[in-house]
Amino acid sequence: MIAYIIRRVLLSIPLLLGISILVFGILQIIPGGPLGHYMRVQGANPEDIAILKKQLGLDQPAPIQYINWLTRWLKGDWGKSYITREPVLDIIAFRLPNTMLLMGLSFTLALIVGISAGIVAALKQYSILDNVLTIFSFIGFSVPVFWLGLIMILVFTVKLGWLPGGGMTTLGGPSSLSDRILHLIMPVSAAALYNAGIYSRYLRSSLFEVINLDYIRTARAKGLRERIVFSRHALRNALIPLVTIVAIDLPWMFGGAVLTETIFSWPGMGRQFWKASLDQDYPVILSMVMLVAVAVVVFNLLADVLYAYLDPRIRYE
Amino acid sequence: MSQNTSPSTLAELDLETLSREPRSYRSLVWRKFRRHRAAVVGAVLLIVFTLGAALGPAISPYDQYEIKLDQMVKPPSLSHPLGTDDLGRDELTRILGGGRISLSLGLMASVIAVVIGGMVGSVAGYYGGNLDNALMRITDLMISFPQLFLMMLFSALFGKTVLSIAVVIGTLSWMSVARLVRASFLSLKEEDYVLAAHSIGAGSRTIILKHVLPNAMGPIIVAGTIGVAQAIIMESALSYLGLGVQLPVASWGSMLRLAQNQLTSAWWLALFPGLMIVLSVLSINFMGDGLRDALDPRHLLN
């Protein structure tokens, strides 16, 4: 087990390095290079640019620049936004908790709904209920989340006036828990639908596979009650592949759902990334890409280790 | 399956059974597909949409770009079945025109993804060893990047024509196809016909393209189909965010972007483009599900 973990960790390191090199490479090919923004937008003249270059160490060969950039990044110096001059780290630190709140709740909802739907569909295979649930799951991952959000706002805010149309809190109003909950309902459900659809399909097919395996038949032959057979043996093992999928989705707690946050004006990472893309604010863009990519590698690693822990057959590959 | 039961005893082998035409692979697949009702409905819908998108703007009495300020923002009526937008353009015609963009872009992106993924996966799976390791590391690297983020970044960098957006989406979506193809190749390369081809002197390229690839087509077709659906959603997301197709060319996503500003006054502008996206993607997904069942070699063994 330990050997497996060490192996996986060692494999992740070149991956992380590769990611950093790629991100650095993108930084170089931006039109005008890292200082392009100053030239294009703020009309700096060539002499100033040359002085800046020397100051920021941009006249040195690429590998040295890369090492400098990487060491600075690891120490937490992520540069300053082109637009607002705020340190990128502050921008991200401010937005990250909002995104984690939104995405955390939405994942939880997606898991609850998805797992329940998957279990029901598998137990009542090919029945009407199964077909209905299947159609709902398909709709779940076929609906673009921003359109769903638009329609939700149309119905619940414009036509019915029940729920607020965006933001985290009502401006100038009391910041009570119920106010925050009202603001959370639509974004969380919109973001959860897609994943709920996927999780339910996955669990359904995983359960199908497991239910037909020999050890389930043995458990029944032993005389165990069907409910125990199902929950302790079938379900537990069917959930394992789902763990990997969820673990791979979790980095989005950092990246945020760009579309959901934009539609609902949620002040999170995703919306910030969108604004930065429109403004071509590359320090922000690249730090976010790095952050999410690193999170993906770390969570993949955790997922693999968890999977090996839950399913001992994997360890001996 | 009433006509298809194979004779279980020798006595049932009569002249009729023996002289029946053997069922081809293609007809078996088609029969399996037909039994999946949702897939058939999806396929029919898709054909309808494609025809509508291809012919619609041409035969419509309205021009999708013509601005008629006296017809601004009218709700659905007999003369304008889906209403008009804020510049007086007929919404139905615009939706059909948007369909041209969205559907063709989705197809292009998926083709690009399948070609790249197919090449990477087949080479990795067939040759194995260090080449396989290297290619899979690159694939893992690409997977680690947040797809939507990179798409937003690249479309901000590389321009926003229909072709460049298709290329951006395609080059960031090939990874799952590569994995699928690699898995197929890993198992198929052990088959006897590969050994036979090798022994008569066939080169690796010939073996890959002429012998193994046709047998690996099943998962590739399914992945390609579902890829079109994903590409459509990606493109509409990019266009909605302002980073995709630019005006005056309209895709369903950019129409939603325009509709957002008039949500309170013109609900039909938000409802219909999105509905089209949902229906198209749903049809493609059902079709893909049906194809997956139809092409599954296990089912054909019956």
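## Helical architecture and chain contacts in a predicted two-chain model

I64(A) lies in helix α4 of chain A, which covers residues 62-74. The model is predicted. I64(A) counts as exposed because 10 C-beta neighbours lie inside 10 Å, and a residue with 12 or fewer such neighbours is classed as exposed. Between I64(A) and K275(A) the sequence separation is 211 residues, and the C-alpha to C-alpha distance is 31 Å.

Chain A as a whole contains 14 helices and zero strands. Its C-alpha trace spans about 85 × 60 × 30 Å along the principal axes. Chain A has 317 residues, of which 35% count as buried. Among the contacts in chain A with a separation of 6 or more, 69% are between residues 24 or more positions apart.

Two residues of chain A that are not glycine have a positive phi, and the table sets out their values and surroundings.

| Residue | Phi | Loop in chain A | Other C-beta atoms within 10 Å | Class |
|---|---|---|---|---|
| R85(A) | about 65° | between α4 and α5 (88-123) | 7 | exposed |
| S265(A) | about 50° | between α12 (258-263) and α13 (269-279) | 15 | partly exposed |

Within chain A, how are helices α10 and α14 oriented to each other? Helix α10 (residues 226-249) and helix α14 (residues 282-310) of chain A pack at an angle of about 170°, and their axes are 8 Å apart. Angles over 145 degrees count as roughly antiparallel, and α10(A) and α14(A) are therefore roughly antiparallel to each other. The crossing of α10(A) past α14(A) is right-handed. From α10(A), the residues I240(A), V243(A), T244(A), A247(A) and I248(A) take part; they meet F299(A), N300(A), L302(A), A303(A), L306(A), Y307(A) and L310(A) of α14(A). This contact of α10(A) with α14(A) comprises 10 nonpolar residues, two polar residues and no charged residues. As background, an α-helix has 3.6 residues a turn, so residues three or four places apart point the same way.

The contact between the two chains involves 32 residues from chain A and 33 residues from chain B. On the side of chain B that touches chain A, two or more residues each come from α5 (129-144), α6 (147-158), α10 (204-240), α11 (252-260) and α12 (267-295) of chain B. Of these, α12(B) gives the most, with 10 residues. By class, this side of chain B has 25 nonpolar residues, seven polar residues and one charged residue.

Two helices of chain B illustrate how buried residues are covered. In α11(B), the buried residues are W252(B), G253(B), S254(B), M255(B), L256(B) and A259(B). Their cover includes α7 (145-159) of chain A, as well as α4 (91-127), α10 and α12 of chain B. In helix α7 of chain B (residues 162-171), I165(B), A166(B), V168(B), I169(B) and G170(B) are buried. The cover of these residues of α7(B) includes α4, α6 and α10 of chain B.

Which residues have the most contacts inside the largest nonpolar core? They are V289(A) and M151(B), in a core of 154 residues. Leaving aside residues up to four places away in sequence, V289(A) touches V23(A) of chain A, and it also touches F145(B), P146(B), F149(B), L150(B) and L153(B) of chain B.

Definitions and conventions: Residues numbered from 1 in each chain as written. Chains lettered and ligands numbered in written order. Predicted model: local features only at pLDDT ≥ 70, side-chain atom pairs only at ≥ 80, totals over all residues. Helix = DSSP H or I, 4+ residues; strand = E, 2+ residues; numbered from the N terminus. Buried ≥ 20, exposed ≤ 12 C-beta atoms within 10 Å, placed from the backbone. Contact = placed C-beta atoms within 7 Å. Nonpolar A, V, L, I, M, F, W, Y, C, P; charged D, E, K, R; others polar. Axes fitted to C-alpha atoms, helices over the stretch in contact; angles between N-to-C directions. Parallel < 35°, antiparallel > 145°, perpendicular 65-115°, else oblique. Left-handed = near helix turned anticlockwise from the far one by under 90°. Core = buried A, V, L, I, M, F, W, Y, C linked by C-beta atoms within 7 Å.
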